[in-house]
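Subject: Structure for your review

Dear colleague,

Please find below the structure that I am handing over to you, followed by an account of what was found in it.

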Amino acid sequence: LALPSRLGIPFHAARDGAPIPSETPLPATTAPPMPATPTVPPTTIAVPTPNATGRVCPQMAGRIPPAVQAAALAAPHTVEGWGQLRHPGLPAGPFNQLRDWLTLRDRNKPYGPYNGAIWKAGCP
């Protein structure tokens with residue numbers, strides 16, 4: 001009785017249960033050579049780039065301290081949300097824009113340690 005082993009080598013089972021290697025060797029198979037570089041065709045993906053300058057929401061200009069506004073406009077990447085899409089899991093489009101407006105995390109509360117400045121897509 002010929003049974004394949006885990007390695008793909010056929011063998012015959014002896015009467016006592018010990019395997020006996022097959023007399024006929026399997027043909028040698030070689031894998032095709034792998035290309036040195038992947039041959040994936042280039043794709044064009046529209047990746048939105050954030051504006052060089054952000055904007056402060058007019059409703060929040062008087063509620064966010066001027067020093068925080070100046071720091072956020074000078075280095076926008078240091079404030080949470082800069083350059084991200086409104087819905088990161090969806091493609092960019094007219095209803096999924098970049099976050100480039102500085103506002104408060106919760107606009108119904110005053111600025112403070114638990115309600116800091118954040119970049120959002122559009123002003124509330």
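I begin with the salt bridge between the side chains of Asp106 and Lys109, where N and O are 3.8 Å apart. Asp106 is partly exposed, with a relative accessibility of 26%, and Lys109 is likewise partly exposed, at 47%. Please note that the model is a predicted one.

In total, the structure contains three salt bridges. As a general matter, side chains of opposite charge can pair when their charged atoms come close.

Another of these bridges joins Asp100 to Arg55, with 2.8 Å between the closest N and O atoms. This pair links distant parts of the chain, 45 residues apart: Asp100 is in the loop between α1 (66–74) and β5 (101–104), while Arg55 is in strand β4 (residues 55–56). Asp100 has a relative accessibility of 9% and counts as buried, because the limit for that class is under 20%. Arg55, by contrast, is partly exposed, with a relative accessible area of 37%.

Arg105 and Glu80 also meet through their side chains in a salt bridge, at 2.6 Å from N to O. Arg105 belongs to the loop between β5 and β6 (117–120) and Glu80 to the loop between α1 and β5, so this bridge ties together parts that lie 25 residues apart in sequence. Both partners are partly exposed: the relative accessibility is 42% for Arg105 and 46% for Glu80.

Turning to covalent links, a search of the whole structure gives one disulfide. Cys57 and Cys123 are its two partners, with an S to S distance of 2.2 Å. The Cys57–Cys123 link is left-handed, with -105° about the S-S bond. Cys57 sits in the loop between β4 and α1, and Cys123 in the segment after β6, so the disulfide ties together parts that are 66 residues apart in sequence. Which of these two cysteines is buried? Cys57 is, with a relative accessibility of 0%, whereas Cys123 is partly exposed at 31%.

Cys57 also appears in the largest nonpolar core, which is made up of 11 residues: Val56, Cys57, Met60, Ile64, Ala72, Val79, Trp82, Leu102, Leu104, Ala117 and Trp119. The elements that contribute two or more residues to this core are β5 and β6. In soluble globular proteins, nonpolar side chains tend to be buried together. Leaving aside residues up to four places away in sequence, Ile64 touches Gln69, Leu102, Thr103 and Leu104.

As for the overall architecture, the secondary structure comprises one helix and six strands. Along the sequence, these elements follow the pattern β-β-β-β-α-β-β. The protein has 124 residues, of which 21% count as buried. Among contacts with a separation of 6 or more, 41% are between residues 24 or more positions apart. The protein exposes about 9600 Å², and carbon and sulfur atoms supply 63% of that area.

With kind regards

Methods: Residues are numbered from 1 along each chain as its sequence is written. This is a predicted model: local features need pLDDT of at least 70, side-chain atom pairs count only at pLDDT 80 or more; totals for chains, interfaces and linings use all residues. Side-chain values use heavy atoms; hydrogens and water are left out. A salt bridge is a side-chain nitrogen of Lys or Arg within 4 Å of a carboxyl oxygen of Asp or Glu. Helices (H or I, at least four residues) and strands (E, at least two) are DSSP runs, numbered from the N terminus. Buried means under 20% relative accessible area, exposed over 50%, partly exposed in between (1.4 Å probe, protein chains only). Contact means heavy atoms within 4.5 Å. Accessible areas come from the Shrake-Rupley method with a 1.4 Å probe; for residues, only the protein chains shown count as cover. A nonpolar core is a set of buried Ala, Val, Leu, Ile, Met, Phe, Trp, Tyr and Cys residues joined through side-chain atoms within 4.5 Å. A disulfide is a pair of cysteine sulfur atoms within 2.5 Å.
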